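Let's sit down with this one and practise reading it feature by feature. Have the viewer open, and ask as we go.

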Amino acid sequence: MASNTVRIAVLPGDGIGTEVTEATLGVLEPLAKRHGIGISTETLAAGAFHYQATGDAFPEASFRAAEAADAILLGAMGWPGIRKADGTEIAPQLDLRFRLKLYAGVRPVRAIPGVPVALADPRAAGIDFVLIRESTEGLFHSSGKGLVTEDYAEETLRITRATTEKLSRFAFRLAERRAAKRGRKGRVTLVDKANVFRAFAFMRGVFDGVAREFPAVESAHHYVDAMALDLVRHPWAFDVLPTENMFGDILSDLAAGLVGGMGFSPSADIGDDHAVFQPAHGTAPDIAGKGIANPTATLLSAAMMLDWLAARGAGQGFADAAAELEAAVDGAFAAGLRTADIGGPDGTAAVARAVAARFGA
Ligand SMILES: NC(=O)C1=CN([C@@H]2O[C@H](COP(=O)(O)OP(=O)(O)OC[C@H]3O[C@@H](n4cnc5c(N)ncnc54)[C@H](O)[C@@H]3O)[C@@H](O)[C@H]2O)C=CC1
Ligand SMILES: CC(C)CC(=O)C(=O)O
Ligand SMILES: [Mg+2]
């Protein structure tokens, strides 16, 4: 990667995906100028409405351009009324995860000062954990391949040693970095269903093997049903939570609900060579076109992107810009910004303005 200049492929997608992406690009521009970092963007077509118009949800040219970019910023894709012949929805974001082997779906869940949390316990203000949703296999391995007959339907879950090892190492390394920052011991808790399914007993065995490589980090296991309970009972107790694809999909929405909703839930799908940064939410047909979508999740995803680019050699300016963007989001809410999803008056553009104003734009 050429130092200090990066190419970002932008896939706005459908519904509020386009709105939160536009707001985020509007913040990235002055941020890049301020830090003297070069960011060029190329907007690419893909999504449900593109499928409706052309019959192609994800043109190969868009995929190739995304693959060639230094990083990919994605809004959201899919629309409930636009379906393929098999009854499922359009989801090019899944193609990206599979084709670019983005096994680590990193979904940080953090209480932002000023944003109401769902729990009355004062410890909820300290919610700060990271779900790592394996994003290339698990039950989603079966997507588009399930068997459907007149009388029954069947989908298969797949767990591999190679991906579980990578996922586990990613989780332990993240826990090490978080421990260094927070000055406390890291803890990685595998979320599985090893009491019932052999595939999860296998996953647990592989995870335990990797855990032995990281003696300074605590390791634990939790069944997914109990984790759904405990994320509501005491979410502040968790640190890094790797899990299977479908479990992570479900738990990440639950977790978002703890800290203000989907509008506050960033994510990054990271592989060995590529990464996609996108909010964990969808296209929100119920609020699309109204100018009230909360772009915070996308802004925080963009901060994760800048940080990831810095770690890959783009330069310290990217790390500084990432830190400033996250601080600007926190600062804006601490200063009274209130989005519609938490009952406030501030729409998409107002959030972008308030965040950019924190760093003088
Ligand atoms: N990564 C992606 O691109 C995803 C795409 N989808 C697709 O999106 C479409 C809608 O799916 P839903 O199940 O309704 O999930 P959703 O995440 O779009 O919406 C769930 C709820 O959260 C709210 N919400 C979501 N993002 C918000 C934001 N930024 N600001 C304020 N409120 C927000 C919505 O208004 C809705 O009440 C479907 O076609 C689905 O397949 C769903 C999830 C992720
Ligand atoms: C197409 C879906 C898997 C998208 C989704 O729900 C997600 O990324 O969380
Ligand atoms: Mg989801």
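**Reading the sheet, the domains and the ligands**

A: Let's start with one rung: P108 has V130 as its bridge partner in strand 5. Strands here are DSSP runs of E of at least two residues, helices are runs of H or I of at least four, and both are numbered from the N terminus. By the way, this is a predicted model, in which local features need pLDDT of at least 70, side-chain atom pairs count only at pLDDT 80 or more, and totals for chains, interfaces and linings use all residues. Residues are numbered from 1 along each chain as its sequence is written, while chains are lettered from A and ligands numbered from 1 in the order in which they are written.

Q: How many bridges join strand 4 to strand 5?

A: Two strands pair if DSSP finds at least two bridges between them. Here 7 bridges join strand 4 to strand 5, and the two run antiparallel. Strand 5 and strand 10 run parallel, with 4 bridges between them; there V130 has V240 as its partner.

Q: What is the strand order of the whole open sheet?

A: Walk across the 10 strands and you get 2-1-3-12-11-4-5-10-8-9, with mixed pairing. Strand 2 (38-43) and strand 9 (218-223) are at the edges with a single partner strand each, so one side of each has no neighbour in the sheet. On average, neighbouring strands are turned by 25° against each other, direction ignored; the axes behind such angles are lines fitted to C-alpha atoms, for helices over the stretch in contact, and angles run from 0 to 180 degrees between N-to-C directions.

Q: In which sense do strand 8 and strand 9 pair?

A: Strand 8 (residues 187-192) pairs with strand 9 in the parallel sense, over 6 bridges. One of the pairs is D192 with Y223 in strand 9.

Q: Which strands does helix 8 touch?

A: Contact means that two residues have C-beta atoms, placed from the backbone, within 7 Å. Helix 8 (residues 245-258) packs on the sheet and touches strand 4 (104-110), strand 5 (128-134), strand 8 and strand 10 (240-243). The direction of helix 8 makes about 155° with that of strand 5.

Q: Why is strand 5 largely enclosed?

A: Count neighbours: a residue is buried with 20 or more other C-beta atoms within 10 Å of its own, exposed with 12 or fewer, and partly exposed in between, again with C-beta atoms placed from the backbone. In strand 5, 6 of the 7 residues are buried, so the rest of the structure largely encloses it.

Q: And where is L119?

A: L119 sits in the loop between strand 4 and strand 5. L119 is partly exposed, with 18 other C-beta atoms within 10 Å, and it touches A124 and L258, leaving out residues up to four places away in sequence.

Q: Which domains does the chain have?

A: Such bounds come from an automatic or database domain assignment. Here it gives domain 1 (1-105 + 266-361) and domain 2 (117-259), with C-alpha centres 23 Å apart. The contact takes 10 residues from domain 1 and 14 from domain 2.

Q: Which residues are around ligand 2?

A: A residue is near a molecule if its C-beta atom, placed from the backbone, lies within 6 Å of it. Around ligand 2 those are G78, A91, Q93, L94, D249 and A280. For ligand 1, G78, G263, H281, G282 and N294 come nearest of the 24 residues around it.
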